[in-house]
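Me: I'd like a close look at one spot in this structure, and then a walk outwards from there. Take your time and keep it chatty.

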Amino acid sequence: MTPNTPTSPPRLGAQTALHLARITKELGGRRIVSELELEVRAGELICLLGPSGCGKTTTLRMIGGFLTPDAGTIRIDGADVTRVSPERRPTAMVFQNYALWPHMTVFDNVAFGLAVRRVPRADRRRRVEEMLGMVGLSHHANSRPGQISGGEQQRVALARALVMEPRLLLLDEPLSNLDAKLRVRVREEIRDIQQRLGITTVFVTHDQEEALSLSDRIAVMNDGRIEQLDTPDAIYRHPSTPFVARFVGTMNVFEAQVHDRPNGSVLVLDAATSLPLAGAPLQTGHRLVGIRPEDLLLTPDEDDTVGAVGTVERDIPLGHYRELMVRVGGSRLRAFVPATHRLPARVRVSAARAVSFAPESEAVR
Amino acid sequence: MSRTIPPPASTERARRIGAAATTVGATVLAVLIAVFVLGPLVWLGVQAFAGHWTFPRLLPDSWTLSWWHEVLADANLGSSIRLSLILSPVVTAVSMLICLPAAYAFARMPFRGRRALLIAIFATNAFPRFGLFIAMSSLFYALNLMGTAVGVVIVQLIGTIVFMTWIPAAAFASVPPSLEEAARDAGAGPLRVFLRVTLPIAAPAILVAIILSFLAAFDEAQGTFLVGAPEYITMPTEMYNLIGHYPGQVSAVFSILLSIPSVVLMLLVRRHVLSGTVAEGFQLR
């Protein structure tokens, strides 16, 4: 099969560590993954982000060798591994429930793979101890998985995967069983270790905050396909489909007529309501428009102000910022304003920037 | 404790009475259970040393060791013990060899007729065993298995199959597949995954199955008698002999001898079966 890469070809000099070429998988008569195309560069951390049922875990399991694609090719460092069993792949997986072996000590859990590979005993001991030291669990080497906390189990699972020095590290929602505070800490630890070792990593999550904070690039998945593959900033600032716009971050999405004006675009919501746009002009015509809550500009409704007239319906303090629900014409828009920014009930609304999509795509959804 | 406000006297008394009633109830229950479980055993123990014992008396009129001499001097006893101690482990081993792979298949492979087969295995225990043996004996005659050691092993095997299939199947099924996948991921082939991960985790349940199978084989008398007698006399079939020809005290002595293997087995494995270290540590959602 000839490698064809319709989506972003790898950068010059950046080696491709993993290449999924038109991968398709059906399970129980349903098409879970559909002609998926993905290239992961050596040393980068890619998140597969999407709602449950979008095929992200199935894709990861195919990379790990636990499922075989119905069609398509999987290459790791250029070698075709599509039909290679998991024990022969240069991949290591961290499972969602950690999957530690309860009858072995922490040390033996980490040492198991090395023993299978017939690494000499002294060498094995050194590598396991080094790895346990790195994840800060040296003192638990002789504990059993049942005797340590969830966060510690998580780190054992990570050490068990890393000690094999895999070409590819696969993480299946590794943080979903941890509480919120711990999740952020372990997330930072994982990113830190990943960058220190420079290990190519595929990270599956449904948590967009996790994806935005961890990834070099994010592959937003929907319905068995990748909707957009880009850096976290680009995904957030320039979503390429309405799905990505809605799924990643908060987004006000509405249909409007876009008109050109000398000082920018104007979004006409209805006959009495038009919202001026200060930033880059949008394509004119009937469009599906998306505006981030922090990009909505609210000013008190005075004689000399411009913008659509809006009414603040709810004002929710959220610490360092406030979330406002503003009625503009027939729509309710969400806006984030600084906590100190006091506003009357009647405001004028304009937008600093916006993205737009063809409205047909809305009907397709 | 001292800082807590004492509850009103009446509720305090009611609480104490309730607690006392609970204690009394629990004690009575424990005594009842002890009587039902230990009573027959005590009676058996007394009977084995009883010389003459007339009905209404609580204890025998006289004590004697003669029944023990009688049994231990019996020429057939030694050979029956030896045969039992050889046959039962062989039957258990054969049962493991046949049933454990089957149990794994029942647990992990969704094949056609899986449920029906499981129930069929259970059904061998649903009918009177002797009817089954009678029907089987004609087959055994045809295959020249009557009066052979192989025939005895096969007939004893029947009673072990249900234990050796159902219990390990449940144990294998309860091992999370992700534990096996993690071992594959670490580079282990399917056989090593089974031996290093699945089997050790299922081991306590398999140990229980081995004990129950061993005891089932050890205690099997009807089929063994039908197929093996007179060449192959095991301890339970020898007991039939004794019941027919000797006073009850001899049977009591023999029962005690017969129960030794079970007691020893139970004591040996108690630590492994009861300890929770194997069961703990599953991170299941």
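Leaving aside the neighbours within four places in sequence, which residues is Q222(B) in contact with? And is Q222(B) buried, partly exposed or exposed? Once that's clear, carry on into the rest of chain B and then across to chain A.

Reply: Sure. One thing up front: this is a predicted model.

Once you set aside anything within four places in sequence, Q222(B) has R129(B), F130(B) and F133(B) as its contacts. As for burial, Q222(B) counts as partly exposed, because 17 C-beta neighbours fall inside 10 Å, and a residue needs 20 or more to be called buried. Q222(B) belongs to helix 9 of chain B, which covers residues 222–228. There's another pairing to look at here: V155(B) is 67 residues away from Q222(B) in sequence, yet their C-alpha atoms are 9.4 Å apart in space.

Zooming out, chain B has eleven helices and zero strands. Read from the N terminus, its elements go α-α-α-α-α-α-α-α-α-α-α. The radius of gyration of chain B is 26 Å, whereas a compact globule of 285 residues would come out near 19 Å. Its C-alpha trace spans about 80 × 70 × 30 Å along the principal axes. Buried residues account for 30% of the 285 in this chain. Of the contacts in chain B with a separation of 6 or more, 73% are between residues 24 or more positions apart.

Now across to the partner. Chain A puts 23 residues in contact with 23 residues of chain B. On chain A's side, the elements giving two or more residues are strand 6 (91–94) and helix 2 (106–116). Helix 2 of chain A supplies the largest share, with three residues. By type, that side of chain A splits into 14 nonpolar, six polar and three charged residues.

Strand 6 of chain A is a good way into that chain. T91(A) and M93(A) point one way from the strand, A92(A) and V94(A) point the other way, and all of them are buried. Strand 6 runs parallel to strand 7 of chain A, joined by four bridges, and T91(A) has L168(A) in strand 7 as its bridge partner. Strand 7 (residues 168–172) in turn pairs with strand 8 (residues 200–205) of chain A, again in the parallel sense, over five bridges. There, L170(A) stands opposite V202(A) of strand 8.

These strands belong to an open sheet of six in chain A, ordered 6-7-8-3-9-10, with mixed pairing. Strand 6 and strand 10 (225–230) of chain A sit at the edges with a single partner strand each, so one side of each has no neighbour in the sheet. On average, neighbouring strands here are turned by 20° against each other, direction ignored.

What about the helices that go with this sheet? Helix 1 (residues 56–64) of chain A lies across strand 3 (45–49), strand 6, strand 7, strand 8 and strand 9 (217–222), running at about 145° to strand 7. Helix 4 (residues 150–162) of chain A packs on this sheet too, touching strand 6 and strand 7, with its direction at about 175° to that of strand 6.

Chain A also has an open sheet of four strands, in the order 2-1-4-5, with antiparallel pairing. Its edges are strand 2 (30–41) and strand 5 (79–80) of chain A, each with a single partner strand, so one side of each is left without a neighbour in the sheet. Strand 1 (residues 16–27) and strand 2 of chain A pair in the antiparallel sense over eight bridges, and V33(A) in strand 2 is the bridge partner of K25(A). Helix 1 of chain A turns up here as well: it packs on this sheet by touching strand 1, strand 2 and strand 4 (71–76), its direction making about 120° with that of strand 1.

Last stop, the cores. The largest nonpolar core has 137 residues, and V110(A), A159(A), A219(A) and V220(A) touch the most other members. Beyond four places in sequence, the contacts of V220(A) include L49(A), I226(A), I235(A), V244(A), F247(A) and V248(A). Apart from that core lies another of ten residues, among them A48(B), W67(B), V253(B) and F254(B). As a general backdrop, nonpolar side chains tend to be buried together in soluble globular proteins.

Key:
Residues are numbered from 1 along each chain as its sequence is written. Chains are lettered from A and ligands numbered from 1 in the order in which they are written. The radius of gyration is taken over C-alpha atoms; the globule rule is 2.2 Å times the number of residues to the power 0.38. A residue is buried if 20 or more other C-beta atoms lie within 10 Å of its own, exposed if 12 or fewer, and partly exposed in between; C-beta atoms are placed from the backbone. Two residues are in contact if their C-beta atoms, placed from the backbone, lie within 7 Å. Ala, Val, Leu, Ile, Met, Phe, Trp, Tyr, Cys and Pro count as nonpolar, Asp, Glu, Lys and Arg as charged, and the others, Gly among them, as polar. A nonpolar core is a set of buried Ala, Val, Leu, Ile, Met, Phe, Trp, Tyr and Cys residues joined through C-beta atoms within 7 Å. Two strands pair if DSSP finds at least two bridges between them. Axes are lines fitted to C-alpha atoms, for helices over the stretch in contact, and angles run from 0 to 180 degrees between N-to-C directions.
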